[in-house]
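I set down here, in brief entries, what I looked up in a structure that was new to me. The sequence and the model come before the entries.

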Amino acid sequence: MKTDFISRRNFLAAAGVAGIAAALTACGGSASSTASSAAASSEAASSEAAGESVELIVFAAASLTETLNAIAQDYSAENPGVTFRFNFDSSGTLKTQIQEGADCDLFISAGQKQMNQLDITASADVNTDGLDFVDPSTRVDLLENKVVLCVPEGSDKGIDSFDALAEHLKAEDILFCMGNSDVPVGQYTQKILAYYDLDEEALAAAGVITYGSNVKEVTTQISEGSVDAGVVYCTDAYSAGLTPVDEATAEMCGQVIYPAAVLKAAPNAEAAREFLAYLQTDRAATVFEGVGFTAM
């Protein structure tokens, strides 16, 4: 499995990842009432029709920070009237902010669970509160990511695979970092621990596990060498200059799918739909795939 992943990275490099990296370097409690939502949509539509500038408010998983900033720069250059206000954080935090009434045009989650919790058409087993924030006609599976195991540069712990990680966790002789339980990367990591019959609660109590509130925090702890290993997405490893030592299989944690949807109360719904359509183009896919995403 380790060999397959490294080959994949070499393939990406040969295909011109350096060019994409250069492009990235150039960038850097209740919903609104039905009446107010309708008024906001009407006002936004009038502004767009009049050719006035539009600020799109995009709530996106932290792992999309670099790519969306790069894509937005290109999009704004082609559409001078459109600017962006991004809110990058864990998908669970973003979901809560939307539920509490934060203005948002487009939501891109790193997991289906957080999107389903806002989608009235989703199973009641997931959308337990019957929340109705997502416009289901706009919902798409946008991207696929991979969950990978990373260690600090120069590590001498011998953690070169998930199998080796499991053995060290059982021996309780390392410090391991993972995302919180409300963070998608943390939820995928929990599945990996369960795959190896590891008791997360017991390991945390023994001081073997430390947590990050989003994937960027986990990546930082690995990069700084404050932990012996951590689980992140391959895209975050790429952005941080980390070389993964192993890649989780679908059997370990399932597929890592990023759904996207325009919200029903979006202040700029039409502009948000147009940007979401752009995110599904070959041009946007080139940026996403350059750092390890797979366009759906």
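**Entry 1: the largest cavity**

I began with empty space inside this predicted model. The largest cavity holds about 60 Å³ of space. I then asked which residues lie closest to the centre of the largest cavity. Of the 13 residues in its lining, A61, A62, S90, V183 and V215 are the closest to the centre. I also noted the make-up of the lining: eight residues are nonpolar, four are polar and one is charged.

**Entry 2: D236**

I turned next to D236, which I found in helix α11, residues 234-240. Is D236 buried or exposed? I recorded a relative accessible area of 1% for D236; since buried means under 20%, D236 is therefore buried. I then listed its contacts, leaving aside residues up to four places away in sequence: D236 touches A62, S63, V215, K216 and T219. Two of these names, A62 and V215, I had already written down among the residues closest to the centre of the largest cavity.

**Entry 3: two residues with positive phi**

I looked up the backbone of E172 and found a phi near 55 degrees, a positive value in a residue other than glycine. Where is E172 placed? I located E172 in the loop between α7 (162-171) and β6 (176-179). Its relative accessible area is 45%, so I entered E172 as partly exposed.

I made a like entry for D197, which is not a glycine and yet has a positive phi of about 55 degrees. D197 sits in the loop between α8 (184-195) and α9 (200-205). For D197 the relative accessible area is 71%; exposed means over 50%, and I therefore entered D197 as exposed.

**Entry 4: helices α4 and α13**

My last entry concerns a pair of helices, α4 (residues 65-78) and α13 (residues 269-279). I asked at what angle α4 and α13 pack. The angle is about 115 degrees, and the axes of the two helices are 11 Å apart. I noted the crossing of α4 past α13 as right-handed.

I then wrote down which residues meet. On the α4 side they are L68, I71, D74, Y75 and E78; on the α13 side they are E274, F275, Y278 and L279. Sorted by kind, the residues of this contact comprise six nonpolar and three charged ones, with no polar residue.

Notes
Residues are numbered from 1 along each chain as its sequence is written. This is a predicted model: local features need pLDDT of at least 70, side-chain atom pairs count only at pLDDT 80 or more; totals for chains, interfaces and linings use all residues. Side-chain values use heavy atoms; hydrogens and water are left out. Axes are lines fitted to C-alpha atoms, for helices over the stretch in contact, and angles run from 0 to 180 degrees between N-to-C directions. Helices (H or I, at least four residues) and strands (E, at least two) are DSSP runs, numbered from the N terminus. A crossing is left-handed if the near helix is turned anticlockwise from the far one by less than a right angle, and right-handed if clockwise. Contact means heavy atoms within 4.5 Å. Ala, Val, Leu, Ile, Met, Phe, Trp, Tyr, Cys and Pro count as nonpolar, Asp, Glu, Lys and Arg as charged, and the others, Gly among them, as polar. On a 1 Å grid over the protein atoms alone, a cavity is a set of points where a 1.4 Å probe fits but cannot get out, and a pocket is an open set with protein on both sides within 12 Å along at least five of seven lines; lining residues have an atom within 4 Å of a point. Grid points are joined across faces, edges and corners, and a volume is the space filled by probe spheres set on the points. Buried means under 20% relative accessible area, exposed over 50%, partly exposed in between (1.4 Å probe, protein chains only).
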